[in-house]
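Reader: I would like a close look at a single part of this model. Please take one chain and walk me through it.

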Amino acid sequence: MKTLKTKGILFLSLAISSLIIQSCGGVPEDTSISAPSDKAFAVAEVLTLIAEENDITRTLYTKGIVGAGKKQGLKFDEDWQDDEIEAGPLPALFLRGISSDIRKSDVPLGLYLGSDFPINASNKFQGKQAELFEKIKSTEKPQHFYEEDQKLYTSMFADLAVAAPCVNCHNDHKNTTKTDWKLGDVMGATTWQYPSDSLSVKEAIGVINAYRNGTKAIYNAYLEEIAGFKIDSTKPQIGDKWPSKGFYLPTAEVFIDSVRQLASYKSLELLLGSKSVASN
Amino acid sequence: MFNKNPLRKRQYIGSLIGIAIGILIYVLLPLKQNEDFLSLGPLNTGHEGLSCNACHTDAKGNLLQQLQSNISYTFGLRKTKADFGTENVDNKKCLECHDRPNDRHPTHRFLEPKFKDAIANINATECETCHKEHNGTRIVLKEATFCVNCHYDLEVKNDPIDTPHATLIANEQWSTCLQCHDFHGNHIYSVAEKMKDTIPLKQIQEYLKGGKDPFSSKKKHLPLSEEEWLKMKQKYSKTK
């Protein structure tokens with residue numbers, strides 16, 4: 001009888017404490033992971049979209065800022081952040097800056113640049129990336145694969161010599177490992193990684209925004225660097241004009257706006273064409 | 001009650017003493033002046049004087065909610081665990097104060113697939129691999145020869161130093177790297193061009209153990225102090 005009573009009390013107290021714990025509700029789960037039913041895009045689709053936006057951004061920066069800026073006397077250097085060097089980021093470092101800023105956001109997107117003949121040895125492809133890069137060089141087609149060890153969906157896209165500054169700087173650089181680059185060559189590849197096989201519209205927009213915010217951040221870092229130049233005459237006028245018009249640089253907003261104008265049509269087409277949006 | 005069995009009285013007093021000690025521990029231990037008793041070990045170089053909750057910030061939700069979430073997780077009713085008591089101290093937490101635009105070796109750089117062999121040897125994607133806290137030191141590695149994991153095939157064109165990098169690499173002198181190169185690249189200093197002018201290995205070793213900084217007293221970016229971090233956090237939570 002006594003044991004029965006003890007068991008009863010024990011059961012009752014367990015039931016009450018479970019009820020109390022349960023009635024509190026849990027800690028809200030991180031909403032960055034969407035429910036499977038919300039998934040609207042395959043990861044390769046979104047990475048292709050963002051790689052195209054990256055091509056546009058890089059071409060604009062290389063031609064419109066670096067190429068035209070050099071003619072106006074602006075300097076670009078790999079050690080652009082050093083105190084004694086008054087210069088802007090080279091295109092590869094501009095991309096590195098975007099990549100770093102994306103990593104600071106909550107979007108789990110990875111972006112890297114590599115080559116088989118890089119200026120900086122740490123950017124040389126190895127292993128599977130090196131094998132796939134050989135394919136990219138011959139076909140110029142993207143390679144999509146699942147990186148087993150990291151559990152990440154990975155896409156690699158050709159990085160072409162789209163402008164004269166790419167070819168000239170790489171051929172003439174003191175640490176170059178190849179001196180016969182020419183326009184149109186596959187100089188390297190960008191590697192993009194994302195942890196899930198599909199994305200919701202919200203997640204896809206998050207990826208685009210993370211990339212654009214990254215562009216804005218590195219461009220603003222360049223403008224801050226210019227603000228710190230010791231001699232005023234070496235500072236270009238920052239506003240709505242581009243270096244092709246004189247000793248000017250566009251503001252970050254003007255630069256991003258141009259990227260948007262060039263990229264948004266395609267991006268919007270993909271977003272509107274998704275299953276979930278189309279069925280609404 | 002005590003007349004039935006005198007042992008009951010002892011049980012009763014014992015329980016009361018136990019409860020009182022429990023309450024005292026619960027109230028006294030979290031006080032700021034008692035943080036040393038809770039700490040797993042002395043804080044690392046530069047972190048002396050930080051409060052526990054500068055890193056161990058409160059986890060989301062109250063204790064019951066955290067308990068409920070983790071029970072749900074155990075039975076597969078939710079996808080992610082919830083932090084219990086305090087938040088997990090990860091890279092993000094370190095970078096709230098130590099993030100710098102010019103970090104030569106940011107942790108995220110090593111997430112790239114090509115570094116997978118290197119990070120199997122030394123997991124450079126996590127700050128705590130080198131800077132594990134509560135060890136009263138600057139880095140916890142016994143030897144600072146980690147550069148070999150990525151730079152084993154380094155070739156330097158127009159090598160500026162009198163003993164060429166090729167010779168140093170051939171002789172596997174990986175402990176010499178730090179005699180010229182500051183890993184995170186935050187010091188303002190000029191690099192020696194002769195081996196005899198480089199920072200002596202002993203000074204580097206002492207620095208890694210928490211000793212005097214042999215590179216330079218000048219740094220490009222300073223980390224946030226606890227006060228600055230708190231201000232930043234408050235400003236951020238207000239704008240949210």
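Author: What follows is a close look at chain B, with a short turn to its partner at the end. The model is predicted.

Start with the secondary structure. Chain B has 11 helices and 0 strands. Read along the sequence, its pattern is α-α-α-α-α-α-α-α-α-α-α. The radius of gyration of chain B is 25 Å. For 240 residues the globule rule gives 18 Å, so chain B is more spread out than a compact globule. The C-alpha trace of chain B spans about 95 × 40 × 40 Å along its principal axes.

Next, burial and contacts. Of the 240 residues in chain B, 9% are buried. Take the contacts in chain B with a separation of 6 or more: 63% of them join residues 24 or more positions apart.

Now one residue, B:Cys127. B:Cys127 sits in the loop between helix 6 (116–121) and helix 7 (128–131) of chain B. Is B:Cys127 buried or exposed? Neither label fits: B:Cys127 has 18 C-beta neighbours inside 10 Å, so it counts as partly exposed. Being buried would take 20 or more. Leaving out residues up to four places away in sequence, B:Cys127 touches B:Asn91, B:Cys94 and B:Thr107. B:Lys32 is another matter. B:Cys127 and B:Lys32 are 95 residues apart in sequence, and their C-alpha atoms are 26 Å apart in space.

Then the interface. Here 29 residues of chain B are in contact with 32 residues of chain A. Helix 4 (residues 63–74) of chain B gives the largest share of the chain B side, 7 residues. By type, the chain B side divides into 10 nonpolar, 10 polar and 9 charged residues.

Last, the partner. Chain A has an open sheet of 4 strands in the order 4-7-6-5, with antiparallel pairing. Its edge strands are strand 4 (110–114) and strand 5 (143–147) of chain A, and each pairs on one side only. On average, neighbouring strands of this sheet are turned by 25° against each other, direction ignored. Strand 5 of chain A pairs with strand 6 (residues 152–160) of chain A over 5 bridges. There, A:Phe145 has A:Thr154 in strand 6 as its bridge partner.

The largest nonpolar core has 50 residues. Among those with the most contacts inside it are A:Leu47, A:Ile50, A:Leu109 and A:Trp192. Helix 2 (residues 43–71) of chain A supplies the largest share of this core, 10 residues. Leaving out residues up to four places away in sequence, A:Trp192 touches residues including A:Leu47, A:Ile50, A:Leu109 and A:Ser155.

Notes: Residues are numbered from 1 along each chain as its sequence is written. Chains are lettered from A and ligands numbered from 1 in the order in which they are written. This is a predicted model: local features need pLDDT of at least 70, side-chain atom pairs count only at pLDDT 80 or more; totals for chains, interfaces and linings use all residues. Two residues are in contact if their C-beta atoms, placed from the backbone, lie within 7 Å. Helices (H or I, at least four residues) and strands (E, at least two) are DSSP runs, numbered from the N terminus. Ala, Val, Leu, Ile, Met, Phe, Trp, Tyr, Cys and Pro count as nonpolar, Asp, Glu, Lys and Arg as charged, and the others, Gly among them, as polar. Two strands pair if DSSP finds at least two bridges between them. Axes are lines fitted to C-alpha atoms, for helices over the stretch in contact, and angles run from 0 to 180 degrees between N-to-C directions. A nonpolar core is a set of buried Ala, Val, Leu, Ile, Met, Phe, Trp, Tyr and Cys residues joined through C-beta atoms within 7 Å. A residue is buried if 20 or more other C-beta atoms lie within 10 Å of its own, exposed if 12 or fewer, and partly exposed in between; C-beta atoms are placed from the backbone. The radius of gyration is taken over C-alpha atoms; the globule rule is 2.2 Å times the number of residues to the power 0.38.
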